[in-house]
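Biologist: I have not looked at this structure before. Could you take me through it step by step?

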Amino acid sequence: MLGPAILAASRSDKMRRIVSAAPVTKPVVNRFIPGETVDQVIPIVVDLTEKGLELTLDVVGEDITTVEQSYAARDAYLDLIAHLADLGLGEKAEMSVKLSMFGQALEGGHELALANVRPVVEAAAAIGTTVTLDAEDHTTLDSMFAIHEELRRDFPQTGCVIQAYLFRTEGDARRLAAAGSRVRIVKGAYKEPAEVAYQDKAEIDKAYVRILKTLMEGEGYPMIGSHDPRLIAIAQELARKAGRKLDEYEFQMLYGIRSEEHLRLAAEGHRMRVYTAYGTDWYGYFMRRLAEKPANLLFFLRSMITK
Ligand code: FAD
């Protein structure tokens, strides 16, 4: 029951001010968001790649309100890509992008987000890597899929995310399970109404499996975004049944969550990509991580009390 309340708080400016200013927040935040600057995150990229892991990097900062902020978001990604290029890490690290941060919700936002994300996709391609468009709340998805399709004309490796909790996703998965596409399937992290999304965990898991089956049996490249041991085992079984080799799909997990599992899957020969977020505007990302596991919230509150 706590999850929806935390997700509602993730949209509240008042809560944002309180949580962001609390002195004890930092160490708890660091578990999920290990740095605020590109210089702080690069050593983590190096460390994880040395352990045989790959990355997808997210510069946090959704809910922007000005066009200038959208340009700053674009420039932050371009700066990150320049750092990866200097270190020769292009092939090990891709980028995850939230179009809201590129201006999608502003006036004329669809065009603005496309104009901002295109140079990032181009720069990523120039160093041998790519970009995946994250899925945000359901009202943004038609625009996200249209931008994805547009980008794929010149950069077919551009990925996107689909969310198992949405009723629409089985149809999206059928459309996207085509040759050359890269699709990350996740359960979904936003507060969605019953008109558009399953509310029951078991229903979401069942939908996840149906969608995963479509992706595995299709011709694209499935990216399994989950920490759920049962779904990971099912994914391995579906991949085997579909005759996929180990390099024909990959697992993805979030930095700071089930890190031992990242290493176990990599040691088994799987491609394992760690979604690593960094930046100063971490509130929304952090609150979604609390909502996914209420025990995180208890840990957070306890650290506030014992300080
Ligand atoms: P769950 O049933 O939630 O968790 C399974 C187990 O994993 C839990 O029992 C627990 O042990 C562990 N676990 C899960 N979450 C946490 C946590 N926060 N803290 C501690 N332990 C935890 N959602 C979107 O809506 N759009 C996206 O673009 C998106 N991108 C993602 C990218 C990646 C690589 C991943 C892994 C997730 C992404 N998500 C995204 C989030 C996703 O929708 C889920 O909210 C999240 O992954 C939790 O679901 P789960 O599959 O891990 O299963």
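Modeller: What follows is a set of questions and answers about this model, which is predicted.

Biologist: Which residues does UniProt list for "domain: Proline dehydrogenase"?
Modeller: The label comes from an unreviewed UniProt entry. Over that stretch the chain is 47% helix and 16% strand, and the end C-alpha atoms are 28 Å apart. The record lists residues 47-297.

Biologist: Which element gives the most residues to the shell around the ligand?
Modeller: The ligand is surrounded by 23 residues, and the closest are Asp134, Gly225, Ser226, His227 and Gln252. Two or more residues come from each of β4 (159-163), β7 (250-254) and α12 (283-292). With three residues, the element that gives the most is β7.

Biologist: How many residues of the shell around the ligand are nonpolar?
Modeller: The shell can be divided by residue class. Seven of its residues are polar and seven are charged. The number of nonpolar residues is nine.

Biologist: Are α5 and α6 roughly parallel or roughly antiparallel to each other?
Modeller: Helix α5 covers residues 67-86 and helix α6 covers residues 109-126, and their axes are 9 Å apart. The angle between them is about 5 degrees. Angles under 35 degrees count as roughly parallel. Therefore α5 and α6 are roughly parallel.

Biologist: How many charged residues does the contact of α5 with α6 have?
Modeller: On the α5 side the contact includes Val67, Tyr71, Arg74 and Ile81, and on the α6 side it includes Leu112, Asn116 and Val120. Eleven residues of this contact are nonpolar and two are polar. The charged count is one.

Biologist: How does α6 lie relative to α7, roughly parallel or oblique?
Modeller: Helix α7 spans residues 141-154, and its axis comes within 11 Å of the axis of α6. The two axes cross at roughly 40 degrees. This makes α6, relative to α7, oblique.

Biologist: Is the crossing of α6 with α7 left-handed or right-handed?
Modeller: In this contact, His110, Ala113, Leu114, Val117, Arg118 and Val121 of α6 meet Ser143, Ile147, Glu150 and Leu151 of α7. By class, these residues are six nonpolar, two polar and two charged. As for its hand, the crossing is right-handed.

Biologist: Why is α9 called roughly parallel to α10?
Modeller: Helix α9 (residues 201-217) packs against helix α10 (residues 229-241) with the axes 10 Å apart. Angles under 35 degrees count as roughly parallel. The pair is roughly parallel because the angle is about 25 degrees.

Biologist: How many polar residues are in the contact of α9 with α10?
Modeller: Here α9 passes α10 in a right-handed crossing. Among the residues that meet are Asp205, Tyr208 and Lys213 in α9, and Leu231 and Ile234 in α10. Nine residues of the contact are nonpolar and two are charged. The number of polar ones is no more than zero, that is, no polar residues.

Notes. Residues are numbered from 1 along each chain as its sequence is written. This is a predicted model: local features need pLDDT of at least 70, side-chain atom pairs count only at pLDDT 80 or more; totals for chains, interfaces and linings use all residues. A residue is near a molecule or strand if its C-beta atom, placed from the backbone, lies within 6 Å of it. Helices (H or I, at least four residues) and strands (E, at least two) are DSSP runs, numbered from the N terminus. Ala, Val, Leu, Ile, Met, Phe, Trp, Tyr, Cys and Pro count as nonpolar, Asp, Glu, Lys and Arg as charged, and the others, Gly among them, as polar. Axes are lines fitted to C-alpha atoms, for helices over the stretch in contact, and angles run from 0 to 180 degrees between N-to-C directions. Angles under 35 degrees count as roughly parallel, over 145 as roughly antiparallel, 65 to 115 as roughly perpendicular and the rest as oblique. A crossing is left-handed if the near helix is turned anticlockwise from the far one by less than a right angle, and right-handed if clockwise. Two residues are in contact if their C-beta atoms, placed from the backbone, lie within 7 Å. UniProt positions are given in the numbering used here, feature names are shortened, and annotations may be inferred rather than shown by experiment.
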